[in-house]
Amino acid sequence: VTATDVNGNTATCTFNVTVAVAINGVVTNVACKGSNSGSIIVTAESGPNSMTYLWNTGSTSSSITNLYPGVYTITVTGSNGCTRSASYTVTQPATLFSVSVSKTNVRCYGKLTGAASAIGSGGNTPYTYLWNNGETAASVTNLAAGTYTVTVTDANGCSKTKSLSITQNPQL
């Protein structure tokens, strides 16, 4: 830097400026308890320098995916040798999403008196229901004997599928 005063006197001073690495991260938490749907994407800046990345998983990319819940640390190094580390926590829902089913068997042979119900629990409400016969309610009625499958999905997109068999009494 050269400075000149009003009288024309100048002074020169030289110094080194080290640009620190700045890291910003975006965490996507695990949607379904026990799954590996988490991810972290970081952006780093250190002036005009290029960056190298090293995660505690061994990855050398600026983003990591398919993460289970846990703490993940990244070290970013600029081409000027400056480094910065940051840690990010990937979380998951507190409760495991599950589905229970119940049924009512057909009492008289050949009749449509069977019924089936599904109940979602854990995960995040609301739940949606899809039965293999196209019904979309939690409970279905007027069923013949047979095997029925229901897929229940929570608000996070977690889904579970259950099957049940509705039986009937023998023909008289």
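A residue is called buried when its relative accessible area is under 20%. With that cut-off in mind, good morning, and let us turn to the structure shown above. It is a predicted model, and by this cut-off buried residues make up 26% of the 172 residues in the chain.

How confident is the prediction? The mean pLDDT of the chain is 89, and 88% of the residues reach 70 or more. Among the elements, strand β2, residues 10-12, has the lowest mean pLDDT, at 66, while β11 has the highest, at 98. Where pLDDT is low, the predicted coordinates should not be read in detail. Please keep that caution in mind when you look at β2, with its mean of 66.

Let me describe the overall architecture. How many helices and how many strands does the chain have? There are zero helices and 14 strands. Reading along the sequence, one therefore meets β after β, in the pattern β-β-β-β-β-β-β-β-β-β-β-β-β-β. Consider next the contacts between residues at least 6 apart in sequence: 47% of these join residues at least 24 apart. As for the surface, the chain exposes about 10,400 Å², and carbon and sulfur atoms supply 51% of that area.

I now move to the interior. In soluble globular proteins, nonpolar side chains tend to be buried together. In this model, the largest nonpolar core has 17 residues, and A116, A118, W131, V152 and I166 are the members that touch the most others. Which strands each supply at least two residues of this core? They are β10 (114-121), β11 (128-131), β12 (139-143), β13 (146-153) and β14 (159-166). The largest share, three residues, comes from β13.

V152 deserves a closer look. Setting aside neighbours within four places in sequence, V152 is in contact with F97, V99, A118, G120, Y127, T128, Y129, C158, S159 and K160. Apart from the core just described lies another, of 16 residues, with I23, V42, M51 and I64 among them.

The residue I64 leads us to S39, a residue in strand β4. Is S39 buried or exposed? At 14% relative accessibility, S39 counts as buried, because the limit for that class is 20%. Leaving out neighbours within four places in sequence, the contacts of S39 are V26, V27, T28, I64, T65 and L67.

Let us now consider the cysteines. The model contains one disulfide. This bond joins C32 to C158, with an S to S distance of 1.8 Å. The link of C32 and C158 is left-handed, with -110° about the S-S bond. What does the pair tie together? C32 lies in the loop between β3 (22-28) and β4 (38-45), and C158 lies in the loop between β13 and β14, so the disulfide connects parts that are 126 residues apart in sequence. C158 is buried, with a relative accessible area of 5%. C158 is also one of the contacts of V152, which we met in the largest core. Two further cysteines may be noted: C82 is buried, with a relative accessible area of 14%, whereas C108 counts as partly exposed, at 47% relative accessibility.

Finally, I would like to point out some features of the backbone. A cis peptide bond joins T125 and P126, with omega at about 5°. P126 has its place in the loop between β10 and β11.

Which values of phi should we note for N66 and N142? For N66, phi is near 60°, a positive value in a residue other than glycine. N66 lies in strand β6, residues 63-67, and is exposed, with a relative accessible area of 54%. For N142, phi is likewise positive and near 60°, again in a residue other than glycine. N142 belongs to strand β12 and counts as exposed, at 56% relative accessibility.

N142 can also be placed relative to other parts of the chain. Not counting residues up to four places away in sequence, N142 touches L112 and G114. From N142 to A116, the distance is 9.4 Å, C-alpha to C-alpha, and the two are 26 residues apart in sequence. A116, you will recall, is among the residues that touch the most other members of the largest nonpolar core.

To close, I return to the main picture: a predicted model with 14 strands and zero helices, and a single link, one disulfide, between C32 and C158. Thank you for your attention.

Note on methods
Residues are numbered from 1 along each chain as its sequence is written. This is a predicted model: local features need pLDDT of at least 70, side-chain atom pairs count only at pLDDT 80 or more; totals for chains, interfaces and linings use all residues. Side-chain values use heavy atoms; hydrogens and water are left out. Helices (H or I, at least four residues) and strands (E, at least two) are DSSP runs, numbered from the N terminus. Buried means under 20% relative accessible area, exposed over 50%, partly exposed in between (1.4 Å probe, protein chains only). Contact means heavy atoms within 4.5 Å. Accessible areas come from the Shrake-Rupley method with a 1.4 Å probe; for residues, only the protein chains shown count as cover. A nonpolar core is a set of buried Ala, Val, Leu, Ile, Met, Phe, Trp, Tyr and Cys residues joined through side-chain atoms within 4.5 Å. A disulfide is a pair of cysteine sulfur atoms within 2.5 Å. pLDDT is the predictor's confidence in each residue, from 0 to 100.
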